[in-house]
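Here is a friendly walk through reading a small protein model, told as a conversation between a learner and a teacher. Have the viewer open as you go.

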Amino acid sequence: MTTCAEAECEEPAAVRLHVPWDANREVCTAHARALVQQEGVVAEPLEGAVEEWR
């Protein structure tokens, strides 16, 4: 499993963010919760990481 794409974050990536104005990236659940609040950003759970959300 890869780590979060956000700077200085070592958590495992669990979500792929589709960002219309930037490159898509894989981030941890904490960063996904914050970043998906921006208009147009779509979150897609990564396969195998869904169990971490429960």
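The dialogue below goes from the overall fold to single residues.

Q: Before we start, what kind of model is this?

A: This is a predicted model. Keep that in mind for each value we discuss.

Q: How many helices and strands does the protein chain have, and in what order do they run?

A: A good habit is to start with the secondary structure. The protein chain has three strands and one helix. Reading from the N terminus, the order is β-β-α-β.

Q: How does the radius of gyration of the protein chain agree with that of a compact globule?

A: The idea is to compare the value with an expectation for the chain length. For 54 residues, a compact globule would have a radius of gyration near 10 Å, and the protein chain has 10 Å, which agrees. As for the extents, a box of roughly 25 × 25 × 15 Å along the principal axes holds the C-alpha atoms.

Q: What share of the protein chain is buried, and what does the exposed area consist of?

A: These are two views of the surface. Buried residues account for 28% of the 54 residues. The protein chain exposes about 3,800 Å², and carbon and sulfur atoms supply 49% of that area.

Q: What percentage of the contacts join residues at least 24 apart?

A: Here we look at how contacts are spread along the sequence. Taking contacts in the protein chain between residues at least 6 apart in sequence, 37% join residues at least 24 apart.

Q: Where do the charges of the protein chain sit, on average?

A: One way to read this is to compare the mean positions of the two signs. The protein chain has 4 positive and 11 negative charges, and their mean positions are 5 Å apart.

Q: How many salt bridges are there?

A: The cut-off used is a side-chain nitrogen of Lys or Arg within 4 Å of a carboxyl oxygen of Asp or Glu. By this rule the count is four salt bridges.

Q: Which residues form salt bridges with R16?

A: To read a salt bridge, look at the distance and then at what it links. E26 forms one with R16, and their closest N and O atoms are 2.6 Å apart. That pair links distant parts of the chain, with E26 in strand 2 (residues 25–27) and R16 in strand 1, 10 residues apart. R16 also meets the side chain of E44 in a salt bridge, at 3.9 Å from N to O. Because E44 lies in strand 3 (residues 42–45) and R16 in strand 1, this pair ties together parts that are 28 residues apart in sequence.

Q: Are R16, E26 and E44 buried, exposed or partly exposed?

A: Compare each relative accessibility with the cut-offs: under 20% is buried, over 50% is exposed, and partly exposed is in between. R16 is at 27%, so R16 counts as partly exposed. E26 is partly exposed at 24%, and E44 is partly exposed at 34%.

Q: Which residues belong to the network that includes R25?

A: Begin with one pair and then follow the shared partners. R25 forms a salt bridge with D22, with the closest N and O atoms 3.3 Å apart. Salt bridges that share partners join E6, D22 and R25 into one network. R25 is partly exposed at 21% relative accessibility, and D22 is partly exposed at 45%.

Q: What is notable about the phi of E8?

A: Most residues other than glycine have a negative phi. The phi of E8, a residue other than glycine, has a positive value near 60 degrees. E8 lies in the segment before strand 1, and E8 is exposed, with a relative accessible area of 85%.

Q: What does A5 touch, beyond its neighbours in sequence?

A: Leave out the neighbours within four places, and the contacts of A5 are R25, E26 and V27. The C-alpha atoms of A5 and E26 are 5.8 Å apart, although the two are 21 residues apart in sequence. A5 lies in the segment before strand 1 (15–18).

Q: Is A32 buried or exposed, and which residues does A32 touch?

A: At 3% relative accessibility, A32 counts as buried. A32 is in helix 1, and A32 touches V15, L17 and V27, residues up to four places away in sequence not being counted.

Key:
Residues are numbered from 1 along each chain as its sequence is written. This is a predicted model: local features need pLDDT of at least 70, side-chain atom pairs count only at pLDDT 80 or more; totals for chains, interfaces and linings use all residues. Side-chain values use heavy atoms; hydrogens and water are left out. Helices (H or I, at least four residues) and strands (E, at least two) are DSSP runs, numbered from the N terminus. The radius of gyration is taken over C-alpha atoms; the globule rule is 2.2 Å times the number of residues to the power 0.38. Buried means under 20% relative accessible area, exposed over 50%, partly exposed in between (1.4 Å probe, protein chains only). Contact means heavy atoms within 4.5 Å. Accessible areas come from the Shrake-Rupley method with a 1.4 Å probe; for residues, only the protein chains shown count as cover. Lys and Arg count as positive and Asp and Glu as negative; His and the chain ends are not counted. The place of a charge is taken as NZ of Lys, CZ of Arg, CG of Asp or CD of Glu.
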